[in-house]
Amino acid sequence: MTGGFLAERFSWESLTDGSSRSDKYAAAIDAISQRNFLQFMVGIGSGPRPGVHNEILEFLYTFGFVGLCTYAAMFVSMLRRLWFLYKEKSRYAAVYGMIFVFIFMVGLYSGVCFTHSTFYIMLTLGIVERKIAEERSLHV
């Protein structure tokens, strides 16, 4: 019905260059490189401006190195949690893994944190955490 318009939106070229991503990446990297030490460490804060379309760069640009470390710590924490769920043979390891992959992949080309989808993905994560707790209480 769309003549391929929607399918084209998910092509490699569209993901990497769509919405002027390459220009936004370059502008963010340039702005970060111009900062003094304090601005590099804590960023400039969020404000009314267009996003970078890459959460790694977005966190470094907006919240500085400290923010980027916090973002990375979230992934390390989730990966450890996923590993323990896998080792325990939890029924919810696959769902937790799907959430991890979703947050990571969408974060590379768009944004998850501070967007409308954050509510839904965190709601799903909360439901999964509750189910994990119930699963563990049955094994005790």
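# Exercises on an all-helical chain

In this predicted model, residues 24 or more positions apart account for 56% of the contacts in the chain with a separation of 6 or more.

## Exercise 1: The overall make-up

Work out which secondary structure elements the chain holds, and how much of the chain counts as buried.

Solution. Begin with the elements themselves: the chain has 7 helices and 0 strands, and reading along the sequence gives the pattern α-α-α-α-α-α-α. Next, turn to burial, where 34% of the 140 residues count as buried. Finally, consider the surface, which the chain exposes to about 9,400 Å², with carbon and sulfur atoms supplying 69% of that area.

## Exercise 2: Helix 6 against helix 7

Determine how helix 6 and helix 7 are oriented to one another, and name the residues through which they meet.

Solution. First, take the geometry: the axes of the two helices, helix 6 and helix 7, come within 10 Å and cross at roughly 155 degrees. Because angles over 145 degrees count as roughly antiparallel, this crossing makes helix 6 roughly antiparallel to helix 7. The handedness comes next, and helix 6 passes helix 7 in a left-handed crossing. Lastly, list the residues in contact: helix 6 brings V95, Y96, I99, F102 and I103, while helix 7 brings I121, M122, T124, L125, V128, E129 and I132.

## Exercise 3: Salt bridges that involve helix 7

The structure holds 4 salt bridges. For the pair E129 and R81, for the pair R136 and E88, and for the pair K131 and E134, find the distance from N to O, and then say where the partners lie.

Solution. Start with E129 and R81, whose side chains meet in a salt bridge of 2.4 Å, N to O. This pair links distant parts of the chain, since E129 belongs to helix 7 (residues 117–139) and R81 to helix 5 (residues 55–87), 48 residues apart. E129 has a relative accessibility of 27% and therefore counts as partly exposed.

Continue with R136 and E88, where the salt bridge spans 3.0 Å, N to O. Here too distant parts of the chain are linked, with R136 in helix 7 and E88 in the loop between helix 5 and helix 6 (93–109), 48 residues apart. Both partners are partly exposed: the relative accessible area is 32% for R136 and 44% for E88.

End with K131 and E134, which form a salt bridge of 3.8 Å, N to O. Because K131 and E134 are 3 residues apart in helix 7, about one helical turn separates them. K131 is partly exposed at 35% relative accessibility, and E134 is partly exposed with a relative accessible area of 32%. Salt bridges that share partners then join R130, K131 and E134 into one network.

## Exercise 4: Helix 3, helix 5 and the position of R35

Describe how helix 3 crosses helix 5, and decide whether R35 is buried or exposed.

Solution. As a first step, note that the axes of helix 3 (residues 21–33) and helix 5 come within 10 Å and cross at roughly 35 degrees, and that helix 3 passes helix 5 in a left-handed crossing. The contact is made by Y25, A28, I29, A31 and I32 from helix 3, together with L57, L60 and Y61 from helix 5.

As a second step, locate R35, which is found in the loop between helix 3 and helix 4. Because its relative accessible area is 13%, R35 counts as buried, the cut-off being under 20%.

As a third step, look at what surrounds R35: leaving aside neighbours within four places in sequence, R35 is in contact with F40, G43, I44, L60 and Y61. R35 and Y61 are 26 residues apart in sequence, and their C-alpha atoms are 9.9 Å apart in space.

## Exercise 5: Positive phi outside glycine

For H53 and for K89, state the phi angle and find the loop in which the residue lies.

Solution. Take H53 to begin with: although H53 is not a glycine, its phi is positive, at about 70 degrees. H53 lies in the loop between helix 4 (37–42) and helix 5, and its relative accessible area of 21% makes it partly exposed.

Then take K89, which is likewise not a glycine and has a positive phi of about 60 degrees. K89 is placed in the loop between helix 5 and helix 6, and with a relative accessible area of 72% K89 is exposed.

Terms used
Residues numbered from 1 in each chain as written. Predicted model: local features only at pLDDT ≥ 70, side-chain atom pairs only at ≥ 80, totals over all residues. Heavy atoms only, no water. Helix = DSSP H or I, 4+ residues; strand = E, 2+ residues; numbered from the N terminus. Buried < 20%, exposed > 50% of the residue type's maximum accessible area, 1.4 Å probe, protein only. Contact = heavy atoms within 4.5 Å. Areas by Shrake-Rupley, 256 points an atom, 1.4 Å probe, with all protein chains shown as cover. Axes fitted to C-alpha atoms, helices over the stretch in contact; angles between N-to-C directions. Parallel < 35°, antiparallel > 145°, perpendicular 65-115°, else oblique. Left-handed = near helix turned anticlockwise from the far one by under 90°.
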